[in-house]
Amino acid sequence: EGGTVTITINDKEISVADTGIGISPEHMERIYERFYRVDKSRAKTVDGTGLGLSIVKHIAMQNNGKIAVESRLGEGSTFTVSFSEREE
């Protein structure tokens, strides 16, 4: 609540940054797994299936891209999808 989300689109990159709670290092390895939800404590009060990042990762991969995340607890997260030229 009261945070911001910033979307930046460049030639071959899309970034989504928020000023949310951030992601703990122990969760970083699993955030792209289907149905994985970091915030288990609010699972009943927060809508969502845990599919979003898995879908984004697979779409990026199908389009010769990759996804990366930078996150700091208490400061927020930035997800960046980068695309490279397709090899013919």
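## A tour from the first hairpin

Start at the hairpin that joins E1 to E2 through three residues. The model on your screen is predicted. Select residues 5–9 for strand E1 and 13–18 for strand E2. These two strands pair in the antiparallel sense, over five bridges.

**Across the hairpin**

Zoom in on the facing residues. Pick Ile-7 and look across to E2: Val-16 stands opposite. Next, pick Thr-8. Ser-15 in E2 stands opposite Thr-8.

Stay on Val-16, which sits in strand E2. Is Val-16 buried or exposed? Neither label fits: its relative accessibility is 35%, so Val-16 counts as partly exposed. The partly exposed class runs between the 20% and 50% limits.

**The nonpolar patch**

Now select Val-5, Ile-7, Ile-9, Ile-14 and Val-16, and show their surface. Together they make a nonpolar surface patch of about 470 Å². Strands E1 and E2 are the elements that give two or more residues to this patch. Which element gives the most? E1 does, with three residues. Ile-7 and Val-16, the facing pair you just visited, both belong to the patch.

**On to the rest of the sheet**

Move from E2 to strand E4, residues 76–83. E2 and E4 run antiparallel and are joined by five bridges. For a marker on this seam, pick Ala-17, which stands opposite Thr-78 in E4.

Zoom out to view the whole sheet. It is open, has four strands and pairs in the antiparallel sense. Read across it in the order E1-E2-E4-E3. Select 65–72 to light up strand E3. E1 and E3 stand at the edges, and each has a single partner strand, so one side of each lacks a neighbour in the sheet. Turn the view to look along the strands: the twist averages 10 degrees from one strand to the next.

**The helix**

Select residues 52–62. This is helix H1, which lies across E3 and E4. What angle does H1 make with E3? H1 runs at about 140 degrees to E3.

**Two backbone stops**

Go to Phe-35, in the loop between E2 and H1. Check the backbone here. Phe-35 has a positive phi of about 70 degrees, although it is not a glycine. Show the side chain as well: at 54% relative accessibility, Phe-35 counts as exposed, because the cut-off for exposed is over 50%.

Then jump to Asn-64, in the loop between H1 and E3. Asn-64 is not a glycine either, yet its phi is positive, at about 60 degrees. At 30% relative accessibility, Asn-64 counts as partly exposed.

**Whole-chain view**

Clear the selection and show the full chain. It holds one helix and four strands. What order do the elements follow from the N terminus? They run β-β-α-β-β.

Switch on the surface for a last look. The chain exposes about 6,900 Å², and carbon and sulfur atoms supply 52% of that area. Of the 88 residues, 23% count as buried. Finally, turn to contacts between residues at least 6 apart in sequence: 45% of these join residues at least 24 apart.

Key. Residues are numbered from 1 along each chain as its sequence is written. This is a predicted model: local features need pLDDT of at least 70, side-chain atom pairs count only at pLDDT 80 or more; totals for chains, interfaces and linings use all residues. Side-chain values use heavy atoms; hydrogens and water are left out. Patches are made of residues with over 30% relative accessible area and no salt bridge: like charges are joined within 9 Å, nonpolar side chains (Val, Leu, Ile, Met, Phe, Trp, Tyr) within 5 Å. Accessible areas come from the Shrake-Rupley method with a 1.4 Å probe; for residues, only the protein chains shown count as cover. A salt bridge is a side-chain nitrogen of Lys or Arg within 4 Å of a carboxyl oxygen of Asp or Glu. Buried means under 20% relative accessible area, exposed over 50%, partly exposed in between (1.4 Å probe, protein chains only). Two strands pair if DSSP finds at least two bridges between them. Axes are lines fitted to C-alpha atoms, for helices over the stretch in contact, and angles run from 0 to 180 degrees between N-to-C directions. Contact means heavy atoms within 4.5 Å.
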